[in-house]
Amino acid sequence: MTKKDIRAILFDMDGVLFDSMKNHAEAWVRAMKENNLTMTHEDVYMNEGRTGGGTIDLFAQVQWGRNATDEEKEYIYKVKSDIFNTLPHVEPVNGAWEVLKAVKQMGLQRVIVTGSGQKSLLERLEKNFPGIFSADLMVTAFDVKHGKPHPEPYLMGLEKAGLTAGQAMVVENAPLGVQSAKGAGIYTIAVNTGPLADEVLYNAGADIVFPNHAALLKALPGLIR
Ligand code: CA
């Protein structure tokens, strides 16, 4: 077997680092309902990682028989964001901090690849995970034309880190995120922090699925060698 040359771990954010998916699910379900679109909590988890506009279009196509207009998309996404901001404070996912510290200690770069477009992103990362991430190694909703499941976000993550697909690994929690990472040709670890079955993540292409960060932490040294 040839020795691996892993230099970086690319981390998704929502559901991997922050326990924010419950709030996103609640906000989406309520915002869509207020705008005459039906979206279940499971729908939110199945579509996690898609851009806001892409998600709204998908449901409008099926239920309205047309794409949403830009104004409709902007309005529904604003309602969703407003509801999200009223929900309880989001905490880091259990064990994420320990994984991040271990990854740094192993001398690997840490890259963020998120579909989120919150302006306070780096501030929030720095507050919860000090010294782990830097602004030049982040791909956000502002950087990409195509959201997940398109490979563009993870390809851009590799580009920002100056690495090839074989020099990185991804940590994801969602099927579309896994598809995006695998589309970029990167070994993909899924941590199943949500309600979907492991099978959904394997079917999306995950190379390995862990039930939580503690299990990932234990396996990590073996995975990067
Ligand atoms: Ca995620």
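Two helices count as roughly parallel when the angle between them is under 35 degrees. Keep that cut-off at hand for the first exercise, and remember throughout that this is a predicted model.

**Exercise 1. Two packed helices**

Task: Work out how helix α5 and helix α10 are arranged, and which residues meet between them.

Solution:
- Step 1. Locate the helices: α5 covers residues 96–105, and α10 covers residues 213–224.
- Step 2. Take the geometry. Their axes are 8 Å apart, and the packing angle is about 20 degrees.
- Step 3. Apply the cut-off: angles under 35 degrees count as roughly parallel, and α5 and α10 are therefore roughly parallel to each other.
- Step 4. Add the handedness, which is left-handed for this crossing.
- Step 5. List the partners. From α5 come A96, E98, V99, A102 and V103, and they meet H213, L216, L217 and L220 of α10.
- Step 6. Sort that contact by class: it has 7 nonpolar, 1 polar and 1 charged residues.

**Exercise 2. The calcium site**

Task: Find the protein donors of the calcium ion and say which parts of the chain E48 and N173 tie together.

Solution:
- Step 1. Pick out the donors: D12 (OD), D14 (O), E48 (OE) and N173 (OD1), at 2.1 to 2.3 Å from the ion.
- Step 2. Write their spacing along the sequence, which reads D-x1-D-x33-E-x124-N.
- Step 3. Place the last two. E48 sits in the loop between α2 (41–46) and α3 (52–64), while N173 sits in the loop between β4 (168–172) and α8 (175–183), so this pair ties together parts that are 125 residues apart in sequence.
- Step 4. Check burial, for which the limit is under 20% relative accessible area. E48 is buried at 9%, and N173 is buried at 6%.

**Exercise 3. An asparagine in a helix and one in a loop**

Task: For N23 and then N36, decide whether each is buried or exposed.

Solution:
- Step 1. Start with N23, which belongs to helix α1 (residues 21–34).
- Step 2. Its relative accessible area is 12%, so N23 is buried.
- Step 3. Leaving aside residues up to four places away in sequence, N23 touches F84, L87, P88 and V90.
- Step 4. Turn to N36, in the loop between α1 and α2. With 65% relative accessibility, N36 counts as exposed.
- Step 5. Look at the backbone of N36: phi is near 60 degrees, a positive value in a residue other than glycine.

**Exercise 4. An unusual peptide bond**

Task: Describe the peptide bond from K148 to P149 and place P149 in the fold.

Solution:
- Step 1. Read omega, which is near 15 degrees; the bond from K148 to P149 is cis.
- Step 2. Recall the background: most peptide bonds are trans.
- Step 3. Place P149 in the loop between β3 (138–139) and α7 (152–161).

Definitions and conventions
Residues are numbered from 1 along each chain as its sequence is written. This is a predicted model: local features need pLDDT of at least 70, side-chain atom pairs count only at pLDDT 80 or more; totals for chains, interfaces and linings use all residues. Side-chain values use heavy atoms; hydrogens and water are left out. Donors are N, O and S atoms within 2.8 Å of the metal (3.2 Å for Na, K and Ca); water is not among the atoms, so sites may look incomplete. Helices (H or I, at least four residues) and strands (E, at least two) are DSSP runs, numbered from the N terminus. Buried means under 20% relative accessible area, exposed over 50%, partly exposed in between (1.4 Å probe, protein chains only). Contact means heavy atoms within 4.5 Å. Axes are lines fitted to C-alpha atoms, for helices over the stretch in contact, and angles run from 0 to 180 degrees between N-to-C directions. Angles under 35 degrees count as roughly parallel, over 145 as roughly antiparallel, 65 to 115 as roughly perpendicular and the rest as oblique. A crossing is left-handed if the near helix is turned anticlockwise from the far one by less than a right angle, and right-handed if clockwise. Ala, Val, Leu, Ile, Met, Phe, Trp, Tyr, Cys and Pro count as nonpolar, Asp, Glu, Lys and Arg as charged, and the others, Gly among them, as polar.
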